[in-house]
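The following exercises are meant to be worked through with the sequence and the coordinates open side by side. Each task is followed by a solution that goes step by step.

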Amino acid sequence: MGPVEALERIAFLLERVQEPTYRVKAFRTAAAVVGALPEDDVRRRAANGSLTELKGLGPKTARVVEEAVGGAVPGYLARLEEEAGGPLTEGGEALRAALRGDCHLHSDWSDGGSPIDEMARTARALGHEWAVLTDHSPRLTIARGLSPERLRAQLDVVAEVNEELGDGFRLLTGIECDILADGSLDQEAELLERLDVVVASVHSKLRMDAESMTRRMVSAVASPLVDVLGHCTGRLSAGKKRPESEFDAAMVFAACARFGTAVEINSRPERLDPPRRLVRQALEAGVLFAVDSDAHAPGQLDWQVYGCARAEECGVPAERIVTTWTAGRLLEWTRPK
Ligand SMILES: [Zn+2]
Ligand SMILES: [Zn+2]
């Protein structure tokens, strides 16, 4: 294992077990600095102890590089593999093994922490055949939502990433599009139509009355441009807590079933949205599901197992989950209906 790989693996494991960003950042920064240097330079500095002279490397990260250059598994990494490399949860393994992709993840183009190619490479390393890049839409300014121009530019970057990655994995284009208060979508229709996958989510005015919220969600999921309804209740059960939005779930899920829009099972530990009773209700209503990571960092891509555990618990069959499908089948389904 090379020094960059070791540093990236450490960052991945820390993110996976929800360590705070500042702890992870040192390793991601060090990986970028070391990765940009010629190999002999890294070796020379590791030998003469001058790695810490580099901006972005401290004693801890320099030690990891020195040990990796020396051909050993760095001690810090070995300890972390023990502590943070085991199963994240009980259950969900069988369904996780059946997944081929992930419909919801963010890059540093919006509020994610890592570049597009790193998210894609990590999704591939986790065994996926495809993943959808879904950065935020313009109105979500707090999350640096993408203007139409930036989203157009991102499409070119995704094409380049796919060229670099070659066969065996495909990064699909997409968006997490805000569902505006009136139920309309926060991006140009022409652009939404071009994207492979559109996840639509409510991020604002989460406390509106149930009737308005129901109308808002139904108009969004009925749109032929929308493929997945993201984290439908908006609840947060950890950190800054937030109750579920109020809406007529029977009506929203009936619309999802009728218009072929999948209901997301969001795997983020603080979301785990929808709650079990609504997953069961959606299942009864005959909807499709997408088990998504909603990852904002590479290590969070591994959180899908939480959503898998929930889906298994609620008896959702694998064939009803679009993230178990091949990219070909997925794209056939998302093509404007
Ligand atoms: Zn969201
Ligand atoms: Zn998201």
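**Exercise 1.** In which sense, left-handed or right-handed, does helix 1 pass helix 4 in their crossing?

Solution. The coordinates belong to a predicted model, and every value below is computed from it. Begin with the geometry of the pair: helix 1 and helix 4 (residues 59–69) pack with their axes 8 Å apart, at an angle of about 130 degrees. This angle falls neither in the range from 65 to 115 degrees nor over 145 degrees, and the two helices are therefore oblique to each other. The crossing in which helix 1 passes helix 4 is right-handed. The contact is built from Pro3, Ala6, Leu7 and Ile10 on the side of helix 1, and from Thr61, Val64, Val65, Ala68 and Val69 on the side of helix 4. Sorted by class, this contact holds eight nonpolar residues and one polar residue, with no charged residues.

**Exercise 2.** Determine how helix 1 and helix 2 are oriented to each other, and which residues make their contact.

Solution. Take the axes as the starting point: those of helix 1 (residues 3–16) and helix 2 (residues 21–35) come within 9 Å and cross at roughly 160 degrees. Since angles over 145 degrees count as roughly antiparallel, helix 1 and helix 2 are therefore roughly antiparallel to each other. Their crossing is left-handed. Helix 1 contributes Pro3, Val4, Leu7, Glu8, Ile10, Ala11, Leu14 and Glu15 to the contact, while helix 2 contributes Arg23, Val24, Phe27, Arg28, Ala30, Ala31, Val34 and Gly35. The composition by class is 11 nonpolar, one polar and four charged residues.

**Exercise 3.** Work out the orientation of helix 3 and helix 4, and give the classes of the residues in their contact.

Solution. The axes of helix 3 (residues 39–48) and helix 4 come within 9 Å, and they cross at roughly 105 degrees. With the range from 65 to 115 degrees counting as roughly perpendicular, helix 3 and helix 4 are therefore roughly perpendicular to each other. From helix 3 the contact takes Val42, Arg43 and Ala46, and from helix 4 it takes Val65, Glu66 and Val69. Four of these residues are nonpolar and two are charged, with no polar ones.

**Exercise 4.** Inspect the backbone at Leu272, Pro274 and Asp294, and state what is notable about phi or omega there.

Solution. As a reference, most residues other than glycine have a negative phi, and most peptide bonds are trans. Leu272, in the loop between strand 5 and helix 12, has a phi near 35 degrees, which is a positive value in a residue other than glycine. Leu272 counts as buried because 22 C-beta neighbours lie inside 10 Å. Pro274 is found in the loop between strand 5 (262–266) and helix 12 (276–285), and the peptide bond that leads from Asp273 to Pro274 is cis, with omega near 5 degrees. Asp294 belongs to the loop between strand 6 (289–292) and helix 13 (304–313), and its phi is positive, about 55 degrees, although the residue is not a glycine. With 26 C-beta neighbours inside 10 Å, Asp294 counts as buried.

**Exercise 5.** Are Pro148 and Ala94 buried, partly exposed or exposed?

Solution. Pro148 is part of helix 8 (residues 148–165). Its 13 C-beta neighbours inside 10 Å mean that Pro148 counts as partly exposed. Leaving aside neighbours within four places in sequence, Pro148 is in contact with Gln187, Glu188 and Leu191. Ala94, located in helix 6 (residues 93–98), has 10 other C-beta atoms within 10 Å and is therefore exposed. From C-alpha to C-alpha, Ala94 and Ile265 are 16 Å apart in space, with their positions 171 residues apart in sequence.

**Exercise 6.** Assess whether the radius of gyration of the protein agrees with that of a compact globule or departs from it.

Solution. For 337 residues, a compact globule would have a radius of gyration near 20 Å, and the protein agrees with this, having 21 Å. The C-alpha trace spans about 70 × 45 × 40 Å along its principal axes. Buried residues account for 49% of the 337 residues. Among the contacts with a separation of 6 or more, 75% join residues 24 or more positions apart. The protein has 14 helices and six strands.

Notes
Residues are numbered from 1 along each chain as its sequence is written. Chains are lettered from A and ligands numbered from 1 in the order in which they are written. This is a predicted model: local features need pLDDT of at least 70, side-chain atom pairs count only at pLDDT 80 or more; totals for chains, interfaces and linings use all residues. Axes are lines fitted to C-alpha atoms, for helices over the stretch in contact, and angles run from 0 to 180 degrees between N-to-C directions. Helices (H or I, at least four residues) and strands (E, at least two) are DSSP runs, numbered from the N terminus. Angles under 35 degrees count as roughly parallel, over 145 as roughly antiparallel, 65 to 115 as roughly perpendicular and the rest as oblique. A crossing is left-handed if the near helix is turned anticlockwise from the far one by less than a right angle, and right-handed if clockwise. Two residues are in contact if their C-beta atoms, placed from the backbone, lie within 7 Å. Ala, Val, Leu, Ile, Met, Phe, Trp, Tyr, Cys and Pro count as nonpolar, Asp, Glu, Lys and Arg as charged, and the others, Gly among them, as polar. The radius of gyration is taken over C-alpha atoms; the globule rule is 2.2 Å times the number of residues to the power 0.38. A residue is buried if 20 or more other C-beta atoms lie within 10 Å of its own, exposed if 12 or fewer, and partly exposed in between; C-beta atoms are placed from the backbone.
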